[in-house]
Structure formats: C-alpha cells, structure tokens
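I open this notebook with a short plan: to look at the sheet first, then the core, the empty spaces, and a few residues with unusual backbone values. The sequence and structure come next.

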Amino acid sequence: MSVITDLDRWIERQYPIAVRNMQLAISATATVKERPGFGQSITPKRGSVVASPVPASYDPDPDYFFHWYRDSAVVIDALRQIDPRWLDSETAAAHFCDFVDFSLGLDDIRTDPGRALQPGWRDRVSPDFEQFLRDDADLAAHTVRGETRVNPDGRLDISRWNRPQYDGIAARVLTVLRWSNHRGFGVRHDANIATLLDEDIRFVLAHWREPSYDIWEEEKAHHYYTLRIEAAALEEGASWLAAQGDAGAAQRARADAAEIQGRLHHFWQPEEGFYRSRLTEDGKPTPKDLDIAVILASIHAGGALPTHSPHDARMEATLDRLDAIFEEEYAINRGRPEGRGIALGRYRGDEYYSGGAYYFSTQAAAEFCYLRAAALRAEDPQAADRLKARGDAYLETIRAFTPDDGEMSEQFDRVTGEHTSAKHLAWSYAGFITAVEARRKAG
C-alpha cells in the first residue's frame, strides 16, 4: 500500500487549478486586447490559444496575447492527457476541434491578403511605434507556417520579431496525430484534421534543412529542439501518409526523419558530456550550448528510441550538467531543504526579465525523470526509484514557489522566488499537467 505524501496532497489540490487556469488561454473570446500604439483591438477567435490570457503591454509584464504555434501545440497536447475527473472528454475534444479549425483557417492569410492585416493598419500606428513594425518586404515574404506567432484573431503579427521558426508546425503535427490516433470527431472535423496534417507534414518536409530561430526566438541556427521535433513529426507523419495511400511522400518522410536522427548525433559533446542545443554556422561553442531546450525536446518528441529520448543516458547526463549550472547561478538553489530539487532556468547567463527559474523548465526536468523511470522500471527498478525520487524533488521545488491560489507565471526570481514575466502562462500549467501524468506512469 502506497503512502500518501504531502506532495501527493498538493498535486491533488493544484491539478484542477492548473486545468482551469490553462483553459483560460483557449478560445479567450471574451477578452479584448487593446494595443493603442499599434492601432489594434484584438478579439480572439475560437480555437486560438494565447500564451497568457492576461493583457499586458510591457508594463512591466510582457505582451503574450499571441497564438504561438509551439505553445499552442504544447497546451492542446496537455489537454489530451487531463484526468477526466477534472475535464470531461467531450469538452476537451471540442477544444481540440476548435484548435484544428483555427489552425487551418490561418491558411486564408496566404490565399486572401485582406485577411492578413486590417485595412489601413499602418495609418493607425503611433509614430513612436513605427520602429517596432515589420517592413513591407518582410510581410510580403512571409509564409504562414514560418511565422513564430500570429494574433489570436487570425491575422498576422505586425511587429518586428525573429522569424522564421519551424519547430511549432512540427509540434502541431505531433499534437494532432496524438489526438486523432484511432479516433474520429465527425465527418467535417476529420476532413479538417486530414487537411491540416497533410499541409503541415509537407511543410516540415520542405523546410527542415533550413536554419531557423530557436524556441526562445533569439538565435538563428540549426537547433537540437527544432530538429528533434521535426524528426518525430516526419517519422509519425510517415505512417499517417502511408495510411492515406501516399506511399511516395511516406517514404520521403521516413528517409528525412532518419537523416535528421543522424544529424542529431553531432550535437553530442563527448568531452563535455552533454548535448549541445545548437550548431551555429561557424561551429564555435556559445554560452547557450547547454540549454533546457534539449530536455524539452526529449519529452515533447515522445517515442521510445534508444537515443534522443528519455531512454538515452546521455540525455540524463545533460540534465546533470544543467543542474550544476543553476545550482551555482541561482541563490534560491542554495541551502534548499532536503528533498527539494534544483530550480532550473533556460541557459547560463539568461537576462530575460529576472533571468530566473522557469516553471516549465523545472517541470520538464521532473517529467523527463518520470518518463525515464518508467522506461527503466522493468530492467532496473533501483534506477527507476532513484529517478522517480529525483522527479519528485523537482516538483517539490515547483510546490515551494507556487502560491496558495495556484497561480503559475512564466518565471520565479533567481534570488527572491517572486513571480516575474508573464502571469498565468499557459505553458506553465500544461507543463505541470504533463509532468503529473508522467508521474502516474513511473511506477
């Protein structure tokens, strides 16, 4: 008989809060976001997923009232895994179908330029904000799926931002495939799902060799996270294409997935003992080489490959190195109580907002440990127990820095532990949900 711990009790209390708060970001149609400097009034469409449902304008919190492709895929995938005690399957499925409809509707931006931008939009922009605008050449060169984010009303983001970013569409492939696996949603929705999958998989096939911006939207290179997610999308997408009768495209997808897997081996640094997060054009190391994005890649890609997954001992070695960095850098990690794990950020020297710990980084470490524990349970129960305990230690840290009302922001300060950056970050709640669901399977 298992013993109910304080962590178990906290998880049971926090779980429905996370489910409720995450859903605030999905189809946030009742919230209108005003951007007076840009002359915009944004009303989200059904199926959009805002990164944070709290309107802000860098006052001081960042404006996250956008539909990011990756964040939305992470949230909708978490929705699939929610304990039915806290969200019935019909409501979850309705959210998913709305998400597919919104995603597919973004193609109208490409076919109907009038849908991309509100008429006369430049005339409404304040002179002080013109410096933040995309120029006409950038807008003309856009590909809808190469955007980093769009407005949740289904129009283009007009602000100057780092793009293209290719991981988000691959993540959407994985999310939609997982939702639709051996399941139907009605004739219309099934047709939309098939159309979206076909176009998304072909986009990944066409663009995976190109450099793009990393998941933090900071540096253009070939990134471990992006390539790992693309490999998974093509491998799983190949089976879907074959089932649709397109043997040629399925063969290309499998071949490209294998090629990407081969390239991923070059990210391993044997002397340093970790997977690099990026390969720049000059090949030189960067301060961001050791990055939590690598761990996120292993859990978001899924699967049971012996490498580049939770089955990979080198991935655990990478997490060990990340622990060491943030134990040294963050004051909140020093003198912590027994049983509490390291609060993790993104990479060494991060200066975004507090440059502090991220909820989803620390939750990703926990989820990785639980998934690895489940993978090792049969062959090495002692190692599995150790990993589950390590995962629990990370969640104890999340517990320590989560207030009684259960709110999760993007970061908690490296010195004080206070919440910083975006409030009610949807990814923070999604990361908690998926970590807890992985914990249930860890044995």
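In what sense do β5 and strand β6 (residues 220-223) pair, and over how many bridges? I looked this up and found that β5 and β6 pair in the antiparallel sense over two bridges. I note that this is a predicted model, in which local features need pLDDT of at least 70 and side-chain atom pairs count only at pLDDT 80 or more, while totals for chains, interfaces and linings use all residues. Residues are numbered from 1 along each chain as its sequence is written, and side-chain values use heavy atoms, with hydrogens and water left out.

**Entry on the sheet**

For the names, I keep in mind that helices (H or I, at least four residues) and strands (E, at least two) are DSSP runs numbered from the N terminus, and that two strands pair if DSSP finds at least two bridges between them. I found an open sheet of three strands in the order β5-β6-β9, with antiparallel pairing. β5 (212-213) and β9 (278-279) stand at the edges with a single partner strand each, so one side of each is left without a neighbour in the sheet. I then saw that α9 packs on the sheet, touching β5 and β6, where contact means heavy atoms within 4.5 Å. The direction of α9 makes about 50° with that of β6, the axes being lines fitted to C-alpha atoms (for helices over the stretch in contact) and the angles running from 0 to 180 degrees between N-to-C directions.

Going to single residues, I noted that Ser-212 stands opposite Ala-221 in β6. In the hairpin of β5 and β6, which has six residues between the strands, Glu-217 takes a positive phi near 60°. β6 and β9 also pair in the antiparallel sense over two bridges, and here His-222 stands opposite Leu-279 in β9.

**Entry on the core**

A nonpolar core is a set of buried Ala, Val, Leu, Ile, Met, Phe, Trp, Tyr and Cys residues joined through side-chain atoms within 4.5 Å; buried means under 20% relative accessible area, exposed over 50%, and partly exposed in between (1.4 Å probe, protein chains only). The largest nonpolar core holds 140 residues, and Met-22, Leu-79, Phe-96, Leu-234, Leu-296 and Phe-432 touch the most other members. Helix α9 (residues 224-243) gives the most to this core, with eleven residues. I followed one of these residues further: leaving out residues up to four places away in sequence, Phe-432 touches Trp-10, Ile-11, Gln-14, Tyr-15, Ala-18, Gln-363 and Met-408.

**Entry on empty space**

On a 1 Å grid over the protein atoms alone, a cavity is a set of points where a 1.4 Å probe fits but cannot get out, and a pocket is an open set with protein on both sides within 12 Å along at least five of seven lines; lining residues have an atom within 4 Å of a point. Grid points are joined across faces, edges and corners, and a volume is the space filled by probe spheres set on the points.

Which residues lie nearest the centre of the largest pocket? They are Asp-77, Gln-81, Arg-178, Ile-299 and Glu-367, out of 31 lining residues, and about 600 Å³ of space lies in this pocket. Several helices each supply at least two residues of the lining, among them α2 (69-81), α7 (167-180) and α15 (426-440), while α13 gives the most, with six residues.

I also counted three cavities of 30 Å³ or more, and about 80 Å³ of space lies in the largest. Of the 13 residues that line the largest cavity, the closest to its centre are Gln-40, Leu-117, Gln-118, Trp-121 and Ile-158.

**Entry on the backbone**

A cis peptide bond joins Asp-59 and Pro-60, with omega about 5°, and Pro-60 is found in the loop between β2 (40-42) and β3 (67-68). The peptide bond from Arg-163 to Pro-164 is cis as well, with omega near 10°.

Ser-27 is not a glycine, yet has a positive phi of about 50°; Ser-27 is buried, with a relative accessible area of 12%. His-424 also takes a positive phi, near 50°, in the loop between β12 (419-420) and α15.
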